Structures are given as structure tokens and as C-alpha cells.
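Colleague: I've just opened this model and I'm still finding my way around. Could you take a close look at one part of it with me?

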Amino acid sequence: MKNKDITSEYSETTGKISDRTTEKMYKKTGKIKSFINKIANPVSAKADVKKSHIIQLVIGLAIIILLNIIGNFIFVKFDLTQEK
Amino acid sequence: MFTILKKELSSFMTSLIGYITIIVFLLVNALLLWGINSGVNVFDSALATLNGLFFISPWIFLFLIPAITMKMFAEEKKNGTIEILLTKPVSDISIIMGKFLAALIIVLLSVLPTMVYMICIYELGSPKGNLDVGGILGSYLGLLFLGGIFASVGIFCSSLTNSQIVAFILSALMCLTAYIGFDFIAQIPFLSNFDLTISKLGIANHYESISRGVIDSRDVIYFLSITAFFILLTKISLESRNWKK
């Protein structure tokens, strides 16, 4: 039915598609694009990326703190000075 | 990674700012150590040590290293080349490490000429050669570790913004806070019970310890872990582009 509307607005005398018809076509393609975007980049996937980054940060921080705490108990010293 | 390292080094060496930063570093060091009466002047102290150099260098690094790192990601963001760089078949961590190593090499290049001071003091000593070379080499190692931390902080700040000035100010402030901020916090009377623990969180405490010429594994772990933490933060900052939209 909609296709019929579009074709009916094709002017035989000028051989051009009217402005109203192109506007409708743009609206249609815009809807399709946004639909594809929704499928390709779902909100949950973005949230997962953020979540995984936060987890990475927390794990990294934990490793660093743990390493420093362990390093405080087990350590070695290399004295490079001449006064020993 | 090495392609990015080469590109960063060549872009630094072909620009005037690269040479200016190195010359400023050497000039300020030379003036304070050998020229004006600054309190760390070698002739005034009449001691065959390079302690003055290792005292003033971190303060010069506070401005020198942010100046080196400020353009690393900020310029790429401003020019829009970051998108091209990130879509290349290299991992984000390779890009960051390439830039970090480039900054570290530039720091090394600016520190290397100060070895001449060591030779001068070695010759001036009475008797000749009365210098603790081992201790000085340990201090140089500490300076390099310090440079590593400042470079990683600078790269992280550069990844946050597309303005080089903002990146410079932010990284200088963060380096300053990390360097002496904890010492100030430790002096607060309310926290007097934990002053030693709090001051140990700062860079200055570990730098002074390693500058004595004793390489302690605790200091090395501290320097490496802080550097790694800021590299991780940079990686997350770069990948945060996937959070938006």
C-alpha cells in the first residue's frame, strides 16, 4: 500500500520523484539503519564492556596491592655504595 | 609496538619542542649545580657528590615529562588520527607501550648528558677519583624509575583529553601529588598515627631510599607497580570509547 503511494507520486511529466516521496524514503531507511544498529550494538553488550573494564581495574589494583604487601615481607637489598 | 616507538621518537626529534625540553633540563641542572648559589651548588658544598643533581632532577621532571607526553594521545585525538591508529592491526597495549617506551627513551636521552657531571666531580675530587660511583649509578636507576612513573602518568592524562595544555597541567598536578602529596597528608596532626604508612605511599619516600645507592626490591616493586597501574588506566581510558553512544 505504501509502495503504491510512493510510485503514485512519481511525476511522469518531469521524470523526477517528488520531495515528499524522498522524505518518506529517507524515513524508511533511517528506521532500518537504527534497527540494524540496535541489533549490532545491543545495550547489554556495551554494559558488559564497561563492567569488564571495571573488573580489570579492580583485579589490577588488587594484584598491585598484594604484590607490594608480599614484597614488604620478602625483600632483598643490593648495596651499590662503597661504604658498607 | 616498535613502529609506534620509532614514529614517536622521530616525531619528537623532528620537532623543536623535543630539543627545547632536553636543553632546558640540562641548562637548569647545570646552572643550579655549577653556576648560581642555589644551595645544591657543588663548589659551595665542597663535597664530591652528585646529591644536588638527584635532589633537583625530580622537580625538573615534574615539568619536563608532562611536556614530553602531553601530545602523545591528545594530538592524535585532536587531529582525528587516533581512530586510524586504533583500527590498525595492533593491540591497544602495544600502542601504549610504544608511546611509553618512546617517552622513557627521551627521558634517558636527557639524563645521559648529566653523566659528564659525574666525570667532572671524579676529576675534581681530592684525592682524584674520590667518588662513590656505585651509589651514583644507583641514584641514576632511581631517577629512571621515577621517570617511568611520570611518563605513565603523563600518557594517561594525555589519553583523557584532546587538549595538550589540559594534559600538561593535569599530569604535572598528578605527578606533584604522587611525588610529595602523601608527605603533606602525613603531616596532618589528625593522621599522626599513620604518618609513616601514608608517606610510604608517596614516590618521594621510595625515591630517597633508592637514591642512597641501595637498591631495595620493595622500592623496585613499588615503582614498577605504579607504572603498570597507570598503563592499565591508559588502556581502559582508550577502550572506554566503546562505552559511549
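How much area does chain B expose, and what share of it do carbon and sulfur atoms supply? And once that's settled, what goes on inside chain B?

Modeller: Happy to. One thing before we start: this is a predicted model. Chain B exposes about 11600 Å², and carbon and sulfur atoms supply 71% of that. Under the surface, 51% of its 245 residues count as buried.

As for the architecture, chain B has 13 helices and one strand. If you read along the sequence, the pattern is α-α-α-α-α-α-α-α-α-α-α-α-β-α, with a helix after the strand. Parts far apart in the sequence meet a lot: among contacts between residues at least 6 apart, 73% join residues at least 24 apart.

Now to the interior. The largest nonpolar core has 68 residues, and the members that touch the most others are B:Leu50, B:Phe61, B:Phe150 and B:Ile203. Helix H9 of chain B gives this core its largest share, twelve residues. In soluble globular proteins, nonpolar side chains tend to be buried together.

H9(B) deserves a look of its own. It has 28 residues and reaches 41 Å from its first C-alpha to its last, close to the 40 Å expected at 1.5 Å a residue. It is also mostly covered, with 23 of those 28 residues buried.

Pick out B:Ile149, which sits in this helix, residues 133-160. B:Ile149 counts as buried because its relative accessible area is 0%, and the cut-off for buried is under 20%. Who covers it? Setting aside neighbours within four places in sequence, B:Ile149 is in contact with B:Ile203, B:Tyr222, B:Phe223, B:Ile226 and B:Thr227. You met B:Ile203 a moment ago, as one of the core residues that touch the most other members. B:Leu224 is worth finding too: 75 residues separate it from B:Ile149 in sequence, yet their C-alpha atoms are 7.9 Å apart in space.

Next, go to B:Leu50, another of those well-connected core residues. Beyond its neighbours within four places, B:Leu50 is in contact with B:Leu33, B:Tyr117, B:Met118, B:Ile121, B:Ile136 and B:Tyr140. Follow the link to B:Leu33, which lies in helix H2, residues 16-35 of chain B. B:Leu33 has 0% relative accessibility, so it counts as buried. Its partners outside its own stretch of sequence include B:Val40, B:Asn41, B:Val42, B:Gly52, B:Leu53 and B:Ile56, along with B:Leu50 and B:Tyr117. So there's a little triangle to spot, because B:Leu33 is in contact with both B:Leu50 and B:Tyr117, and B:Leu50 is in contact with B:Tyr117, contact being heavy atoms within 4.5 Å. For another distance, try B:Leu33 to B:Asp44: they are eleven residues apart along the chain, and their C-alpha atoms are separated by 9.4 Å.

Charged side chains join in as well. The count of salt bridges over all chains is six. One of them pairs B:Lys7 with B:Glu76, the closest N and O atoms being 2.9 Å apart. That pair ties helix H1 (residues 2-14), where B:Lys7 sits, to helix H5 (residues 71-79), where B:Glu76 sits, across 69 residues of sequence. The two ends are covered to unlike degrees: B:Lys7 is partly exposed at 39% relative accessible area, whereas B:Glu76 is buried at 7%.

Also in chain B, B:Glu8 forms a salt bridge with B:Lys99, with the closest N and O atoms 2.5 Å apart. Here H1 is linked to helix H7 (residues 92-111), and the partners are 91 residues apart. B:Glu8 and B:Lys99 are both buried. Put these two pairs together and you get a network of salt bridges linking B:Lys7, B:Glu8, B:Glu76 and B:Lys99.

Further along the chain, the side chains of B:Arg218 and B:Asp216 meet in a salt bridge too, at 2.8 Å from N to O. B:Arg218 counts as partly exposed because its relative accessibility is 21%, just past the 20% under which a residue is called buried. B:Asp216, at 6%, counts as buried.

Technical notes
Residues numbered from 1 in each chain as written. Chains lettered and ligands numbered in written order. Predicted model: local features only at pLDDT ≥ 70, side-chain atom pairs only at ≥ 80, totals over all residues. Heavy atoms only, no water. Salt bridge = Lys/Arg side-chain N within 4 Å of Asp/Glu carboxyl O. Helix = DSSP H or I, 4+ residues; strand = E, 2+ residues; numbered from the N terminus. Buried < 20%, exposed > 50% of the residue type's maximum accessible area, 1.4 Å probe, protein only. Expected span 1.5 Å × (residues − 1). Core = buried A, V, L, I, M, F, W, Y, C linked by side-chain atoms within 4.5 Å. Areas by Shrake-Rupley, 256 points an atom, 1.4 Å probe, with all protein chains shown as cover.
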